[in-house]
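Got the viewer open? Here is a short tour that tells you what to select next and what you'll find there.

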Amino acid sequence: MKPLLRSLVPTQLVKLPSLMEVPSFRSKQLSQWLFKSQTFQWEQMSNLPKALVENLKTDFDLSSLQIDTKETSNDGTRKFLFKLRDGQTIESVIIPMKDHATFCISSQVGCAMACSFCATARGGLVRNLVAGEIIEQVQHLQQDLIDNPFPEFGDRMPNVVFMGMGEPLDNWNNIAKSLEIMMHEQGLGMSRRRIQISTSGPEDGLKSLLNANPGVGLTLSLGGTTDETRKQIMPVPGRTPVLTAVDLVADYATKMGRRATLAWVLISEKTDFPEQAHQLASLASRGAFKVNLIPLNVLDDGKLIPSGLERISDFQKILTDKGVPAFIRASGGQDIAAACGQLRRRKEKSDKSSQKK
Ligand code: SAH
């Protein structure tokens with residue numbers, strides 16, 4: 001398979017041999033086609049010399065995602081299943097928020113973290129996504145938003161969150177490139193404030209992020225306040241000690257000059273005990289944090305049960321009483337299996353059963 005042209009950041013495009021041979025404005029024109037006009041066909045690059053397009057075509061692919069399925073929820077959430085060049089599939093979601101749309105994108109095909117509450121975890125990790133595959137998700141969602149806008153949002157730019165399939169900090173090199181492309185003025189030109197990485201907190205990945213300091217928002221998914229309880233819910237992330245992860249994220253928050261987020265999935269009789277809320281509050285006091293409480297999105301095996309409403313608000317109150325900003329974040333699109341990995345899983349199951357017939 002050829003590399004994707006969109007995996008190159010604008011500063012790398014300029015240095016391609018076939019672009020070094022032509023005047024420098026050509027690389028700007030090329031970036032325009034790639035990142036502003038969202039062109040997926042070589043033939044459309046009408047203002048570039050034919051020979052240049054032919055050279056690029058020999059070395060690179062221009063498109064890697066096909067829309068396999070699109071579903072729209074009653075609450076406006078739109079969920080996409082994309083087919084990649086190797087036949088693998090990934091999910092991306094457009095979520096209407098109060099005054100803007102949020103794009104939830106994937107960083108890997110599958111995931112190696114094995115979190116007990118997560119649908120993506122069930123199939124294990126297949127592979128990392130390359131930067132171009134990450135950028136194309138954003139572009140397809142952008143196109144969908146242009147074709148079917150939410151009129152109430154006017155021309156507000158969408159936010160992008162790495163909360164889809166995969167562990168972004170286990171694929172740091174590709175994520176770093178995709179962030180550069182998203183934020184470069186000749187790339188997607190997005191503000192760092194509109195981008196958020198959500199991570200289960202692998203130590204090496206957090207250190208790379210801290211070192212690179214891209215300035216984008218950061219959420220740490222906790223699931224347990226002690227090493228022992230966290231390991232039961234999130235076996236692989238649990239290998240990084242909770243305090244190590246929390247303190248690295250706190251350092252990152254200090255560097256970026258903004259609060260980071262601790263994400264806590266509320267599962268009945270597993271993660272909704274008052275004692276855990278107290279412990280979570282003391283973890284949150286180690287740095288500039290807010291807490292997002294996410295009621296469990298039920299998986300199809302029915303093994304884990306979401307906490308009741310009262311239990312959720314009691315948990316929240318303990319945090320807010322201790323001065324920790326805590327918000328309940330219900331996931332959208334319940335009726336279309338929008339929680340991470342669920343659509344892909346449902347499709348795989350139905351493909352298997354139709355093969356059996
Ligand atoms: N690996 C990264 C990003 C993917 S998960 C991470 O762990 O953050 C993104 C968020 O979705 C995490 O906060 C995770 O806790 C949450 N999540 C996953 N499955 C869920 C489910 N079934 N119900 C509620 N939240 C879920």
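Start with the aromatic rings: this predicted model holds 3 aromatic pairs. Select Phe-80 and Phe-82, which form one of them, a stacked pair with 5.7 Å from centre to centre and 5° between the planes. Are these two buried or exposed? Phe-80 is buried, with a relative accessible area of 1%, and Phe-82 is buried as well, at 0%.

Now pick Trp-264 and Phe-315. Their ring centres are 6.0 Å apart and their planes meet at 25°; stacked pairs need planes under 30 degrees apart, so this pair counts as stacked too. Colour by secondary structure and you'll see Trp-264 in strand S10 and Phe-315 in helix H11 (residues 309–321), so the pair ties together parts that are 51 residues apart in sequence. Both Trp-264 and Phe-315 are buried.

One more ring to look at: select Phe-150, then add Arg-78. Arg-78 lies over the face of Phe-150, 4.3 Å from the ring centre.

Time for the ligand. How many residues surround the ligand? Show its shell and you get 18 residues, the closest being Phe-117, Gly-166, Ser-198, Ser-221 and Asn-297. Sorted by class, that shell has 10 nonpolar, 7 polar and 1 charged residues.

Zoom in on a few of the atom pairs here:

- Phe-117: one of its backbone N or O atoms lies 2.8 Å from a nitrogen atom of the ligand.
- Ser-198: an N or O atom in its side chain is 2.7 Å from an oxygen atom of the ligand.
- Thr-199: a backbone N or O atom sits 3.3 Å from an oxygen atom of the ligand.

Next, switch on a surface. The ligand taken alone exposes 530 Å², and the protein buries 92% of that. Which elements give two or more residues to the shell around the ligand? Select strand S8 (195–199), strand S10 (260–266) and strand S11 (289–295) to see them. You have already met strand S10, where Trp-264 lies.

Move on to His-100, in the loop between strand S3 (89–96) and strand S4 (101–104). His-100 is buried, because its relative accessible area is 13% and the cut-off for buried is under 20%. Add Asn-159 to the selection and look between the side chains: a polar contact of 3.4 Å joins His-100 and Asn-159.

For the next stop, find helix H9 (residues 242–256) and pick out Val-246 there. At 0% relative accessibility, Val-246 counts as buried. Draw a line from its C-alpha to that of Phe-289: the two residues are 43 apart in sequence and 9.7 Å apart in space.

Finish with two backbone spots. Select Gln-38, in the loop between helix H3 (25–36) and helix H4 (50–59). Its phi is near 50°, a positive value in a residue other than glycine. Gln-38 is buried, with a relative accessible area of 10%.

Then jump to Asn-213, in the loop between helix H7 (203–212) and strand S9 (217–221). Phi of Asn-213 is near 45°, again a positive value in a residue other than glycine. Is Asn-213 buried or partly exposed? Its relative accessibility is 29%, so Asn-213 counts as partly exposed.

Conventions
Residues are numbered from 1 along each chain as its sequence is written. This is a predicted model: local features need pLDDT of at least 70, side-chain atom pairs count only at pLDDT 80 or more; totals for chains, interfaces and linings use all residues. Side-chain values use heavy atoms; hydrogens and water are left out. A residue is near a molecule or strand if one of its heavy atoms lies within 4 Å of it. A polar contact is a pair of N or O atoms within 3.5 Å; within protein, one must be able to donate a hydrogen and the other to accept it, and residues adjacent in sequence count only if both atoms are side-chain atoms. Accessible areas come from the Shrake-Rupley method with a 1.4 Å probe; for residues, only the protein chains shown count as cover. Helices (H or I, at least four residues) and strands (E, at least two) are DSSP runs, numbered from the N terminus. Ala, Val, Leu, Ile, Met, Phe, Trp, Tyr, Cys and Pro count as nonpolar, Asp, Glu, Lys and Arg as charged, and the others, Gly among them, as polar. Rings of Phe, Tyr and Trp (its six-membered ring) pair if their centres lie within 6.5 Å; planes under 30 degrees apart count as stacked, over 60 as edge-to-face and the rest as tilted. Buried means under 20% relative accessible area, exposed over 50%, partly exposed in between (1.4 Å probe, protein chains only). A charge sits over a ring if NZ of Lys or CZ of Arg is within 6 Å of the ring centre and within 35 degrees of the ring normal.
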